[in-house]
Amino acid sequence: MVNVVLTHGDLDGITSGAIALLAFPRADLYFTKPSQIHQDLYRVAKDQSDVVHISDIAINSKRFDDILRALDKFSDSTRIHWTDHHPLTARQKKKLSDRVDLFHEVGPCAAELVFRKFAEELPEHALRLALYGAIGDYCDDTPFCKKHFDDYDKRTLYLEAGILVQALQEIDYRRESKDLVRQLTMGIEPSSMNDIVDLALKATRIEHEVFRYVQKNARKMNLIGYVLDMPVNGYRGKSAKFAAYLTNSMIGISARSSGDDMDCSIRRRQCNIDLNKAMNAILPSIDGGQGGGHPAAAGASMSKNDFPRFLQSLAEYLDQGA
Ligand SMILES: [Mn+2]
């Protein structure tokens, strides 16, 4: 009968999950992601929990029917909260709302939404967690964040959130992140977690090396700057941004191959191209291609052989829109 919190492994996921744990103490926490949420829901459905809380998980259109089928496996007595900020279609919103208690807004981060949903039951330190999540997801200019930044010293909040953002680059999110979430629920500040501070500084030094690597190795195709198979794991969103800047491009991609597969992190630079829309427009024409995300940050995966075609389609898509 144990309650379950399912969330993403990035900072917004970790903080939204920590806030959900404060709302539902003693719940079990599991990390998940858009490509595997349906499987995790199937597994969790067997536990007959009273409450399941899902946060910061984008809906992968190709998996949506699997997600609905998994939700059907839950008993009627299980209350399912789904709190998220990734774009949803009207159909997805309606179908999800039929079964779950959906709290969805695009703009704020998931941690802000979980905080707002359960604010009355939460300790004071949960508010700082919501603000760290917002900083982590670049969702820090909402009315909620602006109001509360003014209640603390926002420079300190950015330092604490920055420690977390950086340390997460160097953490095995399944094992160590669980401890991190527990510490955050207890109100321990990141600056007081010695191991996390050490990792954050190490990650920051590596990030500067990554920048120099991208400076030397980024390539450009039309409006896209990209870097392939960096000799460092992680730092994908950051290196995608650097690739855009250092090639003076609108879009940056950090691509990593593994076996026959290619995985891409995609960021935009000084433009308003909706990357989630772009992925939804391009990927269906690529066999086995999938991905999506936010307007400003998206991901895509495909077979390695299709990567040149993916670049080409994205370049043409940008040409038409630009
Ligand atoms: Mn998020």
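The paragraphs below describe two sheets and some helices that lie on them. The model is predicted: local features need pLDDT of at least 70, side-chain atom pairs count only at pLDDT 80 or more, and totals for chains, interfaces and linings use all residues. Residues are numbered from 1 along each chain as its sequence is written.

Five strands, in the order 2-1-3-4-5, make an open sheet with parallel pairing (strands are DSSP runs of E, at least two residues, and helices runs of H or I, at least four, numbered from the N terminus; two strands pair if DSSP finds at least two bridges between them). Strand 2 (28–31) and strand 5 (101–104) each have a single partner strand, so one side of each lacks a neighbour in the sheet. Strand 1 (residues 4–7) pairs with strand 3 (residues 51–55) over four bridges, in the parallel sense. Val5 has His53 in strand 3 as its bridge partner.

Helix 4 (residues 90–99) packs on this sheet, touching strand 4 (79–84) and strand 5, and its direction makes about 140° with that of strand 5 (contact means C-beta atoms, placed from the backbone, within 7 Å; axes are lines fitted to C-alpha atoms, for helices over the stretch in contact, with angles from 0 to 180 degrees between N-to-C directions).

The other sheet is also open, with six strands in the order 6-7-8-9-11-10 and mixed pairing. Its edges are strand 6 (219–221) and strand 10 (290–293), each with a single partner strand, so one side of each is left without a neighbour. Strand 9 (residues 261–268) and strand 11 (residues 297–303) run antiparallel, joined by seven bridges. Ile266 stands opposite Ala298 in strand 11.

Definitions and conventions:
Contact = placed C-beta atoms within 7 Å.
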